[in-house]
Amino acid sequence: MFGLTATSVILLFLVAFGITKAFANLAAGGLADRYGPKRVLTISVALAGVGALLSSTISHLWQFHFYYGVITSIGAGGAAMVTAASTA
């Protein structure tokens, strides 16, 4: 796929997705306290959806890292944190 190596895909999941999602988790807690979990969850799910849709259009490695590794992981991180906090 676009000349991707296993190393570049693993790097995406370990570094971009993991680190970005961790920071999104931290930010989502404060944002949920300030604006309410419903707003944060709505925006997070929308970001994850936009990132997933954009991921279907990739043609270069940087797009893969940005669309999936940054946009989708911010949305997933925010949604996961707010959902976990709301059900606890």
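The exercises below, each with a worked solution, concern a predicted model of one protein chain.

**Exercise 1. Describe the overall build of the protein chain: how many helices and strands does it have, and which pattern does it follow along the sequence?**

Begin with the elements themselves: the protein chain has three helices and zero strands, and reading along the sequence gives the pattern α-α-α. Next, consider the extent of the chain, whose C-alpha atoms fill a box of roughly 45 × 20 × 15 Å when taken along the principal axes. Finally, turn to burial and contacts: 31% of the 88 residues count as buried, and among contacts with a separation of 6 or more, 78% are between residues 24 or more positions apart.

**Exercise 2. Determine how helix α2 is oriented relative to helix α3, and which kinds of residues form their contact.**

Start with the geometry, in which the axes of α2 (residues 37-55) and α3 (residues 61-87) come within 7 Å and cross at roughly 150°. Angles over 145 degrees count as roughly antiparallel, and therefore α2 is roughly antiparallel to α3. The crossing of these two helices is left-handed. Now look at the residues that meet: on the α2 side they include Val40, Leu41, Ser44 and Leu47, while the α3 side includes Tyr67, Ile71, Gly75 and Val82. Sorted by kind, the residues of this contact comprise 15 nonpolar, eight polar and no charged.

**Exercise 3. Identify the residues of the largest nonpolar core, and find which helix gives the largest share of this core.**

The largest nonpolar core consists of six residues, namely Leu4, Leu12, Ile58, Phe64, Tyr67 and Ile71. When these are assigned to elements, the largest share, three residues, is found to come from α3. Two members of the core, Tyr67 and Ile71, are also among the α3 residues that meet α2.

**Exercise 4. Decide whether Thr20 and Ser73 are buried or exposed, and describe their surroundings.**

First locate the two residues: Thr20 lies in helix α1 (residues 6-35), whereas Ser73 is found in helix α3. A residue counts as buried when its relative accessible area is under 20%. Thr20 has a relative accessible area of 19%, so Thr20 is buried; Ser73, with a value of 0%, is therefore buried as well. Then examine the contacts, leaving aside neighbours within four places in sequence: Thr20 touches Val15, Gly69, Val70, Ser73 and Ile74, so that the two residues of this exercise are in contact with each other. As a last step, compare Ser73 with Val50, which is 23 residues away in sequence and 11 Å away in space, C-alpha to C-alpha.

Key:
Residues numbered from 1 in each chain as written. Predicted model: local features only at pLDDT ≥ 70, side-chain atom pairs only at ≥ 80, totals over all residues. Heavy atoms only, no water. Axes fitted to C-alpha atoms, helices over the stretch in contact; angles between N-to-C directions. Helix = DSSP H or I, 4+ residues; strand = E, 2+ residues; numbered from the N terminus. Parallel < 35°, antiparallel > 145°, perpendicular 65-115°, else oblique. Left-handed = near helix turned anticlockwise from the far one by under 90°. Contact = heavy atoms within 4.5 Å. Nonpolar A, V, L, I, M, F, W, Y, C, P; charged D, E, K, R; others polar. Core = buried A, V, L, I, M, F, W, Y, C linked by side-chain atoms within 4.5 Å. Buried < 20%, exposed > 50% of the residue type's maximum accessible area, 1.4 Å probe, protein only.
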